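Me: Could you take a close look at one part of this model for me, the place where two chains meet, and then walk me through the charged pairs? Keep it chatty, I'll be reading it at the bench.

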Amino acid sequence: MLSHMNNLVSRSTAFLCVFAFWCLALGAAGADRALEIMREVERRQLTDSQSNDGAIEVVDSKGKVLNKSWRFTREGNRGRSKVLIRFTGPPEVRGVGLLTLNSPDKPAEQWLYTPAIQRDRRVAPQEKSQRFMGTDFTHEDIEERSIENYDYALLGEENLAGQPAHKIRAVYKDRGATQYSQLYLWVRKDIVATTHVEFYVEGKLRKTMRWNDWKQIQGIWTPHVVEMKDLARGSTTRIRVSEVKYNLRFEPDWFSLRNLRRSD
Amino acid sequence: MILLMRQISIPEMRRHLLRNFLTLLGIVLGVAIFCAIRSANSSLRAALRDTIDQIAGKAVLQVTAGQAGLPEPALDAVRAAAGVQAAVPIIEAVVRTTDAAQGNILILGIDMAGDRSMRDYRLQGDDEVVADPLVFLAQPDSLIVSGDFASRNKLTEGDSIHLITALGTKSFTVRGIMAPRGMARAFGGNLGVMDIYSAQFVFGRGRSFDRIDVALQEGLGIDDAIPRIQEKLGPGYRIEPPLRRGKQTESLMEAFSHGLFLSSAMALLVGIFLIFNAFSVSVTQRRSQIGILRALGVTRAQIQALFLGESLLLGVVGSLLGIGAGILIGRGMMLFMATVVEQTYGVRVFVDRLRIDPFWTALSFAAGTAASLMGAYLPAQAAARVDPALALQKGKFQILFLGENRRRRLAGVLILLFGLGIGFTPAARTLQAQLTVFGALFASLVLLVPTFSHWIAGWLRQPMGWLFGMEGRLATDSLVQAPRRTSSTVGALMFSLSFVLIMATFSASVKTSMMKWVDFAINSDLFVAASESLTSRNFQFPAEMADELKKVPGVRQVDSLRLIIIDYQTGAPLLVSIEIDQYLRRGQPLMEEGRVDDLLSGMRGKNGVLISNNLARLHALKKGSRMVLDTPTGRHEFEVVGVQVDYSSDSGSLLIDREVYKKLWNDDRVDTFDLMVEKGYSPDAVKREIQRRFADKRNVFVLTNLDMRQELLRVANQFFALQYVQIVVAVVVAVLGIINSLMVSITERKREIGILRSLGGERRQVRKAITLEAVCMGLVGVLLGIVGGTVMGYYSVGPFGAAFNGWVFPYRFPLEMALVLIPAVVLVSWLAALYPASLALKTSLVDALAYE
């Protein structure tokens, strides 16, 4: 009897160990797979430079609408990019420029130029959870972050707006440097592009972001509408882009303070 | 004791209600003035501290570089200091709105794209500052206002508000409203927030900030942080906690506060004298009663306590009433003082309510009560010393007085010599020594009053006889024969009127000197100012504007004047910079030391300064002295090349060449352009042309020479208005003293009047004699008051003034005041005598003869 029992225990233990190892392997494989998917998403979006015309619409909970339009230019990628946004409308903000110089190992440097008083000023690093220029995007949302800095988990497949998509959970490794407890991303399988993100704060759904109106520009699938909804505030920010161009050449001093100060 | 008070004091006080009322009024007035001035002063200071505290937010240190402002690179230097968590630049300006009902508004220029951890300016019902930050930053007319201001003026987001700026009247758009907490409560809620670079633009700050607020990393103390930040900045910068910065502004008002304190103390001193007089007469009047009490076994101590108890009662009641009256007039006084401080020192303090400081209230009560006790102390002591037997012999009392008079005369002379002696000691220049001399002069005059009044009364006998016959001689004889009564009344008069003369002398001497100085110093044809007020220089012009002014037809010379207040030792003198060669071309300073010929070579392009006479006295400087000043470019040494007569600032002034100032202070802004006009051109026409040319560009205030003189006179009158208020107070107290004393003395003489009538004197004749005696007392009092006031007045504008603020003014006798005082006092004396004389005459002969 005893030997029978011993046999049973040994076999169960072995089975459990194998099962646990298989689960871990599966999980690791899932995480690897998710990271692989994200890397592919990034690879397909990677360009040396970009320009577009953008229009942003912010609708608050009372229905009040604020509109802006701009000319966007970027050079570089992967946390080393330089960005110059020149606002083209409404008249109150025409000519205002925002220059951002990103670095992978330190906070981005930003300058703002206001033509009405012909002054540029340094924009201090702001609180990550603070809204950027009155939109539903926070400063963390617009930061260039390496995809390697997240822990991923592949959660399976779902249909999103009739399109099959991978569902991935992402958690920023440095928990002190993020306001979000986790993100859920939906990556379309056909174009390998993130089309939907849910942002969670302390486990509760706080914001959602969607990319729509996908078109191929120079062989790159490009969303022409981005919509961020802040569920707690009841507000929505919608960005439409047009005239998208990739891999252009800019003048050497395009992303400089001297150019920032030119308002025309 | 209580039994004695109930049986003796209370009935006695009821019997002489009018006299006690007038005495009480003296205490009430003295305490009211003291309480009102102290409360108003405390309220001003508290309001100033509150504003600084509320605006400071979480800043633990503030970096300033005086009124020249901080150059922008200083911000990077502060941020680079180890331990600094956040450093944010600030601009502060108090501006007028075009709507008088809205009042002034304190505008804070804050870097809206900078670190927001320093301040709490939450939007009402929202967690963001403004709905559209980009528009707020892009448009220099963007303004956030406090909820209080918005609700008072019915403003909502999107509404316009018009402010008077360096660029003229500009419309600003309300793009956010702060919740009424934290910073939004500063300046009485009249607060607005702008982006700092927009504020630089509209307030003409160039490329500088007013200060930098600093928050430190956790664990780092202020004492450790200051040297770290100082090392990055270098000398010429002040780094201190916010409230200590407020102390600089308070020290600017120090001389003003001291002056007010002296005035309020004088009011109390006059009150003391009124009490002294009233109780002296009371003791004289009640000596029979005292004799009887002593004969019945009441001790000397009890007699003294009885009189002191009466004075204490008067003091307590008078002080309480005085505090009430002080609170009533305190608010008006506070608003008035705030205006004077702004006009004189350029410091705007928002005060809307009088803060009743328990300390000053208690002190006012204590001062009034103590004054009452002090005034009654000597008479109470005299009452205690009354011999019961002699007390019933009236004549003896008066004769005994003569011996006492010798002791007083001796004491008076000794104190006078002591006071004069201090003037020759090395410590004579200090304020404490001068206060002692002042006090000694005063005390000696008080002690010598009986002697002087006795002499003058004697001299008046013949002229009064010539003018008024027998009644005149009777009048003066009464004065001579009743020296105790006479000296009390005359003393009170002299005291009050001396105070009036001192204030009038100060006012007349200062004004005369200042007007003479203005004649010399204001020698330009036109003045183009950036701020409406000469003292609160909110706005400045850019240096380039000089070139635009030179192009105006008729303009021959343009001098650029910049005035800032700097720190020097314990003072806050005014630093004036101007093109020294041009300045000397149009006029020569009034030199006290040094030669005008040496000024150009010593100052142009060099670290040479021309200092004011009061600065020289306050800091023991002279030609050749070295002064070390901290500037934004470091610590620099300057040589005093001369001392001039100058009344620009009661803390002193220094004149420096503009090129040196620009180089060392990194500041090329201009407060005022002084213009000389070509021959053949009318200054008024040039003024109009300037106004026309700049109408759409910026706010300019163009004054002709005459306009400037009138403006200076207005500012001076504003300052002297407070002196005039004090003169009025002194006159009122003097009149009270006259009425009180004469009523007491005439009432006291009921028996004598009865004797006169029983000897055949007609009512008409007796009334004439009594009123003439009152007139003589008034005349003696006013003559002594003029003598005392002249001596003290001379002293106050001379050695005392020199120790107080460094200025020595040529003495000017206030002839107008003296000429008004003599007939006024004579008239008041005559009027004051009429009613009690009638009362005394109405008493039947039997009652009058029986009067004790």
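Reply: Start with Arg121(A) and Asp195(B), whose side chains form a salt bridge across the chains, 2.4 Å from N to O. Bear in mind that this is a predicted model. That bridge has company: the interface of chain A and chain B holds 4 salt bridges by the rule, along with 6 residue pairs in polar contact, both partners at pLDDT 80 or more.

On the chain A side, strand 2 (65-75), strand 5 (106-114) and strand 6 (119-123) each bring at least two residues to the surface that touches chain B. Strand 6 of chain A gives the most, with 4 residues. Sorted by class, that side of chain A has 10 nonpolar, 5 polar and 8 charged residues.

Now for the contact as a whole. Chain A puts in 23 residues and chain B 26 residues. Between them the two chains bury about 2,000 Å², with 58% of it on carbon and sulfur atoms. In chain A, the residues that lose the most area to chain B are Ile117(A), Arg119(A) and Arg121(A), which together make up 31% of what that side buries. So Arg121(A) turns up twice, because its side chain also meets Asp195(B) in a salt bridge, a Lys or Arg nitrogen within 4 Å of an Asp or Glu carboxyl oxygen.

Step back from the interface, and the whole structure has 48 salt bridges over all chains. A few inside chain A are worth a look.

Take Arg238(A) and Glu57(A), with their closest N and O atoms 2.7 Å apart. This pair ties together distant parts of the chain: Arg238(A) sits in strand 13 (residues 235-246) and Glu57(A) in strand 1 (residues 49-59), 181 residues apart. Arg238(A) is partly exposed at 22% relative accessible area, and Glu57(A) is partly exposed too, at 24%. Both belong to a network of salt bridges that also links Glu227(A) and Lys229(A).

Glu40(A) and Arg43(A) make a more local pair, bridged at 2.8 Å between the closest N and O atoms. They are 3 residues apart in helix 1 (residues 2-45) of chain A, so about one helical turn separates them. Glu40(A) is partly exposed at 24%, while Arg43(A) is exposed at 53%.

Finally, Arg145(A) bridges to Glu140(A), with the closest N and O atoms 2.7 Å apart. Here Arg145(A) is buried at 16% relative accessible area, and Glu140(A) is buried at 6%.

Conventions
Residues numbered from 1 in each chain as written. Chains lettered and ligands numbered in written order. Predicted model: local features only at pLDDT ≥ 70, side-chain atom pairs only at ≥ 80, totals over all residues. Heavy atoms only, no water. Contact = heavy atoms within 4.5 Å. Buried area = accessible area lost by both parts, 1.4 Å probe. Polar contact = N/O pair within 3.5 Å; in protein donor to acceptor, adjacent residues only side chain to side chain. Nonpolar A, V, L, I, M, F, W, Y, C, P; charged D, E, K, R; others polar. Buried < 20%, exposed > 50% of the residue type's maximum accessible area, 1.4 Å probe, protein only.
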